[in-house]
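Biologist: I am new to this structure and should be grateful for a close look at one part of it, the largest pocket. Please describe what lines it and how that part fits into the rest of the chain.

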Amino acid sequence: MHVPSNPDVPFIRVSGLKKSFGEQKTLQGVDLTISHGETLVLIGPSGEGKSVLLKHIIGLLHPDEGHVELDGVDLCSMNERQMVKFRRRMGYLFQNAALFDSLTVAQNVAFPLKEAGVTNKDEIDQQVHEALELVELEEHKNKMPINLSGGMRKRVGIARAIICRPECVLYDEPTAGLDPIVTDVIDQMIIRLQKRFRVTSIVITHDMSSVFKIADRVAMLKNGVISFLGTPEDLRQSPDPDIQNFIAGRSGMCA
Ligand SMILES: Nc1ncnc2c1ncn2[C@@H]1O[C@H](COP(=O)(O)OP(=O)(O)O)[C@@H](O)[C@H]1O
Ligand SMILES: [Mg+2]
């Protein structure tokens, strides 16, 4: 669906990214590149700044130092019009799915299209239908979010994140709190989007089975920097005790 504008330039390049909140140094020099069409999984302990990093990539937060470039263009240099255009290329699944409780499933999914200025009702209905089919929720389109299970809410969030046919989807813990079967459904959806539409994905997860299922590459954020970057196999083979503890779900602390 999407042809890279310049295959030699990485799709997303984060360089020397630093961000503090008051005294708290959260990101302390993050360097990371993401290629067109790849699925990069971001792991690391809670509170290390994974969500903060994602919010920089979509331009919701601005770096204290360093750069985020998309197709070689620095996000900070974009004017309002360029920013709107750029946002349309990205989809974002928030950590808690963040649905509007007063809107139906279909209205939630249609929301970004309307924001983007689409007014034709048939076009909206058609796009909503396609997005809901992809996440297998078409028959639930008239339900209210409160009547959905956790997994269904996440899938509505995914449908909403992809409705504008983004080139890149950022997923913040898409399977947190879900059972293994529903987790697998969502993992398969991420893989399907990559295969069918060549979507580039960045996925934050704590679920190691998801990591090994979906990742082309894995990055670990620790102490404010990318402390590991490699394939899932590299991760498995890593001699770093921190990484082995993380994979095994051990705290690494002595009793
Ligand atoms: N807008 C903000 N204002 C102040 N502190 C923030 C803000 N966003 C995140 N933080 C802090 O930055 C740290 C990293 O948060 P976060 O990126 O959510 O971690 P995680 O790796 O679990 O996703 C946390 O200590 C959090 O409290
Ligand atoms: Mg987070």
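Modeller: The account below begins with the pocket and then turns to its surroundings.

The model is a predicted one. In it the protein chain is divided into domain 1 (1–89 + 167–176 + 193–255) and domain 2 (96–165). The C-alpha centres of domain 1 and domain 2 lie 25 Å apart, and the contact takes 12 residues from domain 1 and 8 residues from domain 2.

The largest pocket has a volume of about 670 Å³. Its lining is made up of 22 residues, and those nearest the centre of the pocket are I58, R87, M90, P112 and E115. Helix 2, strand 6, helix 3 and helix 5 are the elements that give two or more residues to this lining. The largest share, 5 residues, is supplied by helix 2. By class, the lining of the largest pocket holds 16 nonpolar, 1 polar and 5 charged residues. Both domains take part, since at least three lining residues are drawn from each of domain 1 (1–89 + 167–176 + 193–255) and domain 2 (96–165).

Among the residues nearest the pocket centre, R87 deserves a closer view. R87 belongs to helix 2 (residues 80–88). Because its relative accessible area is 33%, which falls between the 20% limit for buried and the 50% limit for exposed, R87 counts as partly exposed. Leaving out residues up to four places away in sequence, R87 touches I58, G59 and L60. One of these partners, I58, is also among the residues nearest the centre of the largest pocket. The C-alpha atom of R87 is separated by 9.7 Å from that of A116, 29 residues apart along the chain.

G59, another partner of R87, leads to the element that precedes it. G59 follows helix 1 and has a positive phi, near 80°. Helix 1 (residues 50–57) is mostly covered, with 7 of its 8 residues buried. The buried residues of helix 1 are K50, S51, V52, L53, L54, H56 and I57.

H56 and G59 also appear in the lining of a further space, the largest cavity. The structure holds 2 cavities of 30 Å³ or more, and the largest of them has a volume of about 50 Å³. Besides H56 and G59, the largest cavity is lined by L61, H62, P63, V68, D74, L75, C76 and M83. Its lining comprises 6 nonpolar, 3 polar and 1 charged residues.

The nonpolar cores complete the surroundings. The largest nonpolar core has 46 residues, of which I43, V109, V128, L132, Y171, V211 and L235 touch the most other members. Helix 5 (residues 150–162) gives the most to this core, with 6 residues. The core also draws at least three residues from each of domain 1 (1–89 + 167–176 + 193–255) and domain 2 (96–165). Apart from this core lies another, of 30 residues, which includes L32, I58, L75 and C168. Two of these names have appeared already: I58 lies among the residues nearest the pocket centre, and L75 is in the lining of the largest cavity. Within the largest nonpolar core, L235 may serve as an example. Not counting residues up to four places away in sequence, L235 touches I43, M208, V211, F212, V218, F228, I243, Q244 and I247.

Some loop residues remain to be placed. T104 is found in the loop between strand 6 (90–93) and helix 3 (105–115), and both of these elements contribute to the lining of the largest pocket. T104 is buried because its relative accessible area is 15%, under the 20% limit. Leaving aside neighbours within four places in sequence, T104 is in contact with K141, N142, K143 and M144.

E173 has a positive phi of about 50° although it is not a glycine. E173 sits in the loop between strand 7 (168–172) and helix 6 (180–197) and is buried, with a relative accessible area of 13%. N223 likewise has a positive phi of about 50° without being a glycine. The place of N223 is the loop between strand 9 (217–222) and strand 10 (225–230). In contrast to E173, which is buried, N223 counts as exposed, at 55% relative accessibility.

Note on methods: Residues are numbered from 1 along each chain as its sequence is written. Chains are lettered from A and ligands numbered from 1 in the order in which they are written. This is a predicted model: local features need pLDDT of at least 70, side-chain atom pairs count only at pLDDT 80 or more; totals for chains, interfaces and linings use all residues. Side-chain values use heavy atoms; hydrogens and water are left out. On a 1 Å grid over the protein atoms alone, a cavity is a set of points where a 1.4 Å probe fits but cannot get out, and a pocket is an open set with protein on both sides within 12 Å along at least five of seven lines; lining residues have an atom within 4 Å of a point. Grid points are joined across faces, edges and corners, and a volume is the space filled by probe spheres set on the points. Ala, Val, Leu, Ile, Met, Phe, Trp, Tyr, Cys and Pro count as nonpolar, Asp, Glu, Lys and Arg as charged, and the others, Gly among them, as polar. A nonpolar core is a set of buried Ala, Val, Leu, Ile, Met, Phe, Trp, Tyr and Cys residues joined through side-chain atoms within 4.5 Å. Buried means under 20% relative accessible area, exposed over 50%, partly exposed in between (1.4 Å probe, protein chains only). Helices (H or I, at least four residues) and strands (E, at least two) are DSSP runs, numbered from the N terminus. Domain bounds come from an automatic or database domain assignment. Contact means heavy atoms within 4.5 Å.
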